[in-house]
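Biologist: Hey, could you walk me through this one? I'm new to it.
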Amino acid sequence: MQTLIRRVPELSLLIALTVAAFALIAMLAEAPEDAPISTDLAVGIIIGSFVFSLLIAIVGVIGGVGGGVIFTPVMLAFTTVDTMVIRATGLVVAMFSGLVSAGPFMRRGLADIRVVFYCAIPIIVGAMGGAFAAILLAERMGPAGDGLVRLLLGLILIGIAILFVVGGATREYPQPTRPDALSERLNLKGAYWEESVGGVVRYQVTRLVLGGLLFLVVGFIGGFFGLGGGWAVVPVLNFIMTVPLKVSAASSGVLLALGNAAAVWPYLTYGALIALFAAPWMLGQIIGGIMGAHILAHIKAALVRKILIVILFLTSIRLIGRGVEELFGIPVPFA
Amino acid sequence: MEHHSYDDPAGNEMEAVTVAPGSAATTATTGTQTDTTRPQAPLAGIIFGETIYWMTILSGVIALLGITLAMLGRPSLMQPHATLDAILAGHSVTEIWQQLVGGMPDGHWYLSRLTTADGLMGLGLALGVFSVIPAAMSAAWILYRQGWWPFAILAAGAAAVTGVSVLGLIPLPMN
């Protein structure tokens with residue numbers, strides 16, 4: 001950690017500024033007389049959000065899933081915060097670690113810029129469509145839509161967790177298959193330096209049409225639920241398009257940033273992105289994203305995914321329970 | 001072992017050797033490059049990444065300033081304690097804005113309120129999200145100059161679609 005801070009001076013500067021600002025807030029913040037909550041609680045929410053966001057960012061970047069896939073389901077399952085506020089903030093959580101990790105990943109040649117731009121258009125269009133659909137649902141169904149969102153997300157999370165279990169680490173270095181006509185035409189081949197084995201890994205990207213269609217769907221789901229799309233970007237790049245796991249994880253972060261950047265604006269102009277609530281999560285993602293991006297180069301990403309599988313399964317059970325309760329009024333013991 | 005060729009970013013064909021499936025990694029040898037030579041990161045990627053990286057860090061500093069000013073009682077659009085209380089209580093977006101501001105926001109609301117703590121936090125969030133547009137445009141230009149024109153078009157397209165979203169050219173589906 002000390003080496004990382006020395007190697008990345010801007011990280012140490014950001015951490016120092018954040019610590020100083022939070023110390024100032026903790027010492028000098030005062031509540032007005034009619035404040036509905038105490039200053040201690042308000043400061044606790046701000047600093048707590050930052051710390052959780054930092055941890056989520058590190059895990060999200062290393063796992064290549066972005067933070068949204070952890071933040072949004074956990075908040076929807078375990079808090080009373082409005083679903084639109086959670087989903088808008090979820091997109092910020094999903095994208096900022098990806099945004100800031102773009103620098104280190106591109107510098108190292110871990111993220112493939114051509115793969116990123118090929119996949120960007122379908123994921124951006126899908127994410128924008130998902131964000132508009134979310135606003136439409138909130139406008140038409142109101143609170144009843146919340147139950148539907150929780151139930152659907154719970155089911156999707158189970159699917160994602162199963163995808164991770166089935167996938168495993170067997171595709172860390174997918175072997176080149178016969179490239180399709182489009183990837184041959186676009187010459188989508190790449191190479192990167194693999195720190196953990198001390199050598200060059202080369203790869204051939206393939207199945208571009210299928211990958212593009214899947215990214216359209218992934219973008220829509222990510223934009224609608226505020227998950228981002230990292231949970232599926234890595235599997236699609238890795239299993240379908242035969243991109244090595246580490247390049248998939250690094251490119252996924254950058255793709256998330258691009259896709260979610262388009263999806264965030266409808267939420268922002270709608271007013272669902274409440275600045276005071278979202279800003280500490282954003283800051284945690286920036287600092288955690290830089291840390292995660294530097295750690296990723298030195299570890300096996302597959303390990304972190306096991307932690308994610310457990311989180312996804314537990315959260316999905318709670319989400320389905322709450323969804324069933326809210327939609328059908330049936331009491332569920334674990335909800 | 002499987003032999004196959006690949007092109008470096010400059011388009012020069014090189015020979016590579018890939019070990020059997022299940023191996024830890026592949027090794028490669030070429031006329032000018034061995035398996036111990038790090039491949040160079042493409043310039044378009046570096047420019048794209050660095051643009052986003054530094055704009056995002058700047059956006060984080062602006063947002064941090066906004067958080068600090070809000071909590072220290074400087075002018076805010078939404079009173080911080082009341083905002084957090086309304087959010088924790090599960091109030092809807094409409095209820096939060098009506099209760100704390102007296103009406104829903106108008107598009108890029110933070111731009112006209114930059115002297116408030118909320119305005120600064122909003123600017124920080126927006127600047128970070130906006131960073132992908134100049135980054136994608138710069139990458140598009142470099143990709144075009146290097147002859148990767150299909151990817152230059154895709155990069156410019158990504159920036160254009162995001163720009164449409166930023167400008168709010170597609171109306172929100174509201175009642």
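Biologist: Where is B:A63 placed?
Modeller: B:A63 sits in helix α1 of chain B, residues 43-71. This is a predicted model, where local features need pLDDT of at least 70, side-chain atom pairs count only at pLDDT 80 or more, and totals for chains, interfaces and linings use all residues. Residues are numbered from 1 along each chain as its sequence is written, and chains are lettered from A in the order in which they are written.
Biologist: Is B:A63 buried or exposed?
Modeller: Buried, because its relative accessibility is 0% (buried means under 20% relative accessible area, exposed over 50%, with a 1.4 Å probe and protein chains only).
Biologist: What is B:A63 in contact with, leaving aside neighbours within four places in sequence?
Modeller: A:A279 and A:M282, plus B:L120, B:M121 and B:G124. Contact here is heavy atoms within 4.5 Å.
Biologist: Switching topic, how do α11(A) and α6(B) run relative to each other?
Modeller: Helix α11 of chain A (residues 245-270) and helix α6 of chain B (residues 149-167) have axes that come within 8 Å and cross at roughly 10°. So α11(A) is roughly parallel to α6(B), a label for angles under 35 degrees.
Biologist: Which residues meet there?
Modeller: From α11(A), A:A261, A:A262, A:W265 and A:P266; from α6(B), B:T162, B:S165 and B:V166.
Biologist: And A:V166, buried or exposed?
Modeller: A:V166, in helix α7 of chain A, counts as exposed because its relative accessibility is 67%.

How values were computed:
Heavy atoms only, no water. Helix = DSSP H or I, 4+ residues; strand = E, 2+ residues; numbered from the N terminus. Axes fitted to C-alpha atoms, helices over the stretch in contact; angles between N-to-C directions. Parallel < 35°, antiparallel > 145°, perpendicular 65-115°, else oblique.
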